[in-house]
Amino acid sequence: MPADITDLFREHGLTPVKKTAKEWASPCPCCGGKDRCQIWPEQQEGRGYYWCRQCEAKGDGIQFLRDYAGMSYADACKRVGVAPVANLKAPSLPPVRRAETFQPVAKDLGQLEGVNRPVWQGRAAAFVAWATEHLINTPAQMAWLAARGIDAAAVRRYRLGYNPGEKGNNSIIRPREVWGLPSLTKEDGKPKRLWLPRGIVIPQILPGPAGASVVHRVRIRRLDADREEFNPKLKYFVVPGSAMDVLWLPCTTSLYEGGGIVVVTESELDAILLHHLAGDLVHCVASMTSNIRNLSRTVFDRLQDALCILVALDMDKAGAEGWPRWEATFPRAKRWPVPTGKDPGEAFAAGEDLRLWLQAGIPAGLRMATPSGPRPDMPLQVEGREKARPVPPPDVLQLDAMWQEIPITYTRFQDEGGNCVGFSWDYDYAWAAKHRAKVDAFLQLVDRSRDIWDWLSRNPENLITAKNFLNYRLEVPDVW
């Protein structure tokens, strides 16, 4: 019996929901978007048509079966109930375009030449302190932040502020030189002045000499009403002279020392929200844009050392397009969009438990590990003698987390002398066809990691699954 395209989605574990008489919405089989894949069953002469508004995956029922069920063209036609076109030649595929990677930059990002840094930082610090007091005493803006999960304590902690403008104007105007900025002249010959628009003031504050705090960036989130009147596309204004490196809010405990777990958002306010809720578990980073291309060497190295990077870019087309750069640069990065809404602020407003969402994104092995010791299910004794247990390397922990979701078995073949003479990865092919992306990512991680192969070689079992993967055979030295 010919299959309706919605039936094909259901057969692959997806759940289309009818929106109108002729249109359905479904999770995307390609990017996993929750409900952004649109389906029109009656189009394409009954073969149906689907299109994801997030990743732009699209096609008819035949294309769906070829892409996600691994069927040949003839078999897919038969399943859909149409006759294959005779002598059909497969279209030539475009060359695979490799995603660009981040480029580490040695110098400070975004700072203008000719800026008097001590003067600028002094003015910025005074402006931030002044704006914080104004925010605390402006109920409307405090309520707006509270709706995004940023309460009065967070306002004080992260030194957020509000610029109300002055003299009835929705901005503050000052000579550039007062802020230590170089003089500039407009086309009419008049001196250019510094514009500080009304809005939420978001500083980047870093430790300075002798433990003092130094303001490195001032960014202003303009009010929506002001944007309607002037320059609607300018949502955020960066005060000239600011540094433009990402906002990095470090983990507040020693639970994940070194690289630890990192969550990446676009908005600084979203990073502040997550750090306020779960800064004891993760480092929080704000990229400020989905299309970020450069990172400072310091931030780049920190991300390289991270045990896991949860990339929570906005749940929109721009966020989807920004993800491949993270995936191509950092092997331990994984896409981790919010469960509801576009960003963490919207998810919080919808009632989502964002701390629980972050904990769910951390690989199981890392959730259980602490600096004082490894997983509790690892062996404690070797021939009756206590010995320190090894902490699994990051690749091993990442594979362990992936393995929990994949019914796959590693089989080691040995000769009579106990020497390994071969191995195989065994799994149900029908299941794998429906979860091809998971299986491919799993095997690709195995192939490129020497740590994983070393760990497998030390496992005492010849049949290894997710249940016993972290078992480890310790070598007993001749002398204790």
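# Exercises on a predicted model

The protein has 17 helices and 23 strands; both are DSSP runs numbered from the N terminus, helices being H or I with at least four residues and strands E with at least two. This is a predicted model, where local features need pLDDT of at least 70 and side-chain atom pairs count only at pLDDT 80 or more, while totals for chains, interfaces and linings use all residues. Residues are numbered from 1 along each chain as its sequence is written, and side-chain values use heavy atoms, with hydrogens and water left out.

## Exercise 1: the whole chain

Work out what share of the protein is buried, and what its contacts look like.

Step 1. Take "buried" as under 20% relative accessible area, "exposed" as over 50%, and "partly exposed" as in between (1.4 Å probe, protein chains only). Of the 480 residues, 44% are buried.

Step 2. Now the contacts, meaning heavy atoms within 4.5 Å. Take those between residues at least 6 apart in sequence: 59% of them join residues at least 24 apart.

## Exercise 2: the cores

Find the largest nonpolar core and say which helix gives it the largest share.

Step 1. Look for buried Ala, Val, Leu, Ile, Met, Phe, Trp, Tyr and Cys residues joined through side-chain atoms within 4.5 Å; such a set is a nonpolar core. The largest one has 35 residues. Leu135, Leu145, Ile150, Leu160, Val263, Val282 and Leu358 have the most contacts inside it.

Step 2. Helix α8 (residues 268–278) supplies the largest share, 6 residues.

Step 3. Don't stop there: a second, separate core has 20 residues, including Cys52, Phe64, Tyr73 and Val80.

Step 4. Zoom in on Leu145. Leaving aside neighbours within four places in sequence, Leu145 is in contact with Leu135, Ile150, Val155, Leu160, Ile200 and Leu269.

## Exercise 3: helix α14

Is helix α14 largely enclosed or largely open, and how does it cross α17?

Step 1. Count the buried residues. In α14 (residues 394–403), 9 of the 10 residues are buried, so this helix is largely enclosed by the rest of the structure. Among them are Asp395, Gln398, Asp400 and Trp403.

Step 2. Check the axes, which are lines fitted to C-alpha atoms over the stretch in contact, with angles from 0 to 180 degrees between N-to-C directions. Those of α14 and helix α17 (residues 450–457) come within 8 Å and cross at roughly 75°.

Step 3. Angles of 65 to 115 degrees count as roughly perpendicular (under 35 is roughly parallel, over 145 roughly antiparallel, the rest oblique), and α14 and α17 are therefore roughly perpendicular to each other.

Step 4. Name the residues: Asp395, Val396 and Leu399 of α14 meet Asp451, Ile452 and Trp455 of α17 in this contact.

## Exercise 4: two positive phi angles

Which is exposed and which is partly exposed, Arg159 or Lys167?

Step 1. Locate them. Arg159 is in the loop between α6 (152–158) and β7 (161–163), and Lys167 is in the loop between β7 and β8 (171–175).

Step 2. Check the backbone. Arg159 has a positive phi of about 55° without being a glycine, and Lys167 also has a positive phi of about 55° without being a glycine.

Step 3. Read the accessibility. Arg159 is partly exposed at 29%, whereas Lys167 is exposed at 78%.
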